Amino acid sequence: MIADKMKDLMANSSAIRAMFEEGKKMAEQYGAENVYDFSLGNPNVAPPEAVKEAIVEIAQTMDPIQLHGYMNNAGFESVRAAIAASLNKRFGTAFSENNILMTVGAAGGLNVILKTLVNPGDEVITFAPYFGEYANYVNNVNGVLVEAMTDRVTFQPDLDVLAKVITPRTRALIINNPNNPTGVVYPEETIEKLAALLEEKQRQLGTDIYLIADEPYRELVYDGAEVPYLTKYYKNTIVGYSYSKSLSLPGQRIGYLVIPDEAADGELIQQAASVANRVLGFVNAPSLQQLVVARCLGESTDVSYYDRNRKLLYKTLTDLGFSCIKPEGAFYLFVKSPVADEKEFCAHAKKYHLLLVPGSSFGGPGYVRLAYCVAYETIQRSIPAFEQLAKDYFGK
Ligand code: PLP
């Protein structure tokens with residue numbers, strides 16, 4: 001018999017799992033080139049050449065005992081120091097290796113920081129729509145995920161809504177900028193207002209409210225959009241970063257947390273997060289990958305690849321009459337379903353071999369998410385299918 005909590009988790013994840021299985025089945029049945037799978041945020045750009053070179057060089061030159069052995073739970077000091085120096089150069093911060101904790105991707109980092117901060121029953125707020133896994137991560141620590149709905153047109157944070165859901169039990173606010181699933185980027189002006197609101201609430205309530213910045217898409221921005229570095233705006237910020245998208249390494253599971261000294265109980269949180277990394281069973285982030293990313297700090301994925309996809313898919317869908325905002329970051333389009341029940345819309349799209357994810361998986365019912373981190377040719381080939389879909393709903 002499995003645990004009751006696990007039964008709930010399995011029931012909730014079955015929709016996306018079923019789509020994943022169905023996609024595979026459809027590819028076998030119709031040929032992979034005739035299935036247009038926009039469901040997964042799995043980068044279709046190879047990692048930069050420097051990643052392969054670093055892997056080979058490290059494997060050939062480094063002492064294997066040191067390379068493959070256990071280490072400090074926070075990660076190699078040299079790697080953490082190199083990341084701190086790189087952040088300081090890019091963002092004018094003043095971090096040292098003590099502020100960096102290497103993690104098993106952003107997912108590992110979020111679980112570590114929630115384990116570190118959240119008591120059972122504590123509330124963790126996030127702006128909706130949001131990356132659906134947050135609900136599971138908060139559930140892992142018996143916390144309560146509270147959704148703060150964003151503006152229905154722009155998907156920008158609505159600070160009046162946020163102010164209403166902050167309570168004495170609020171431990172943290174998770175913010176994801178650039179955003180999955182909407183593709184929006186929160187500008188500096190919004191971040192300044194958000195920081196001021198959190199400061200005010202902390203004063204009123206006499207509590208510490210931590211801002212957890214989940215930033216796997218930081219470098220994936222278009223049209224010159226800028227993503228503010230949040231530790232500079234709000235003292236109690238903890239940043240979670242990942243190389244899954246920026247270096248196309250999602251299977252390697254590598255990222256880090258930034259825990260500033262200035263955060264309330266900053267040093268205690270650094271020590272506790274290190275223990276959380278161990279007791280959650282991660283122990284430490286993968287050693288080879290830590291060394292690889294430290295050598296690739298100046299590298300980034302080919303953003304122009306995603307930009308080309310973004311432009312084609314956005315133009316195709318809006319020309320056909322579908323409505324969505326033009327994303328400024330990440331690699332997702334969040335499209336309004338032409339019927340109220342977006343699951344019905346997804347089921348209908350599947351008839352044309354289009355795989356889209358219902359917005360309710362992200363706390364955003366009435367919309368569907370398309371991940372455009374696919375081959376450009378897949379988008380080109382999918383256009384007739386979208387045309388058929390548009391005809392069914394808009395009659396043109
Ligand atoms: N946070 C967001 C918003 C994501 O979209 C993802 C993955 O898609 C993650 C976290 C998890 O990323 P990682 O592969 O680094 O664990």
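For my tallies, Ala, Val, Leu, Ile, Met, Phe, Trp, Tyr, Cys and Pro count as nonpolar, Asp, Glu, Lys and Arg as charged, and the others, Gly among them, as polar.

**Ground rules.** I am working on a predicted model, where local features need pLDDT of at least 70, side-chain atom pairs count only at pLDDT 80 or more, and totals for chains, interfaces and linings use all residues. Residues are numbered from 1 along each chain as its sequence is written, and side-chain values use heavy atoms, with hydrogens and water left out.

**Cavity.** I looked for cavities (on a 1 Å grid over the protein atoms alone, sets of points where a 1.4 Å probe fits but cannot get out). I found 1 cavity of 30 Å³ or more, and the largest has a volume of about 40 Å³; volume here is the space filled by probe spheres set on the points, which are joined across faces, edges and corners. Its lining (residues with an atom within 4 Å of a point) includes Leu317, Phe322 and Val335. I sorted that lining into 9 nonpolar, no polar and no charged residues.

**Ligand.** I counted 14 residues around the ligand, each with a heavy atom within 4 Å of it. Among the closest are Asp214 and Arg253. I split this shell into 6 nonpolar, 5 polar and 3 charged residues.

**Polar contacts.** I then listed pairs of N or O atoms within 3.5 Å. I have a backbone N or O atom of Ala106 at 2.7 Å from a ligand oxygen, a side-chain N or O atom of Asn180 at 2.8 Å from a ligand oxygen, and a polar side-chain atom of Lys245 at 2.9 Å from a ligand oxygen.

Note on methods
Polar contact = N/O pair within 3.5 Å; in protein donor to acceptor, adjacent residues only side chain to side chain. 1 Å grid on protein atoms, 1.4 Å probe; cavity = no way out; pocket = protein on both sides within 12 Å on 5 of 7 lines; lining within 4 Å.
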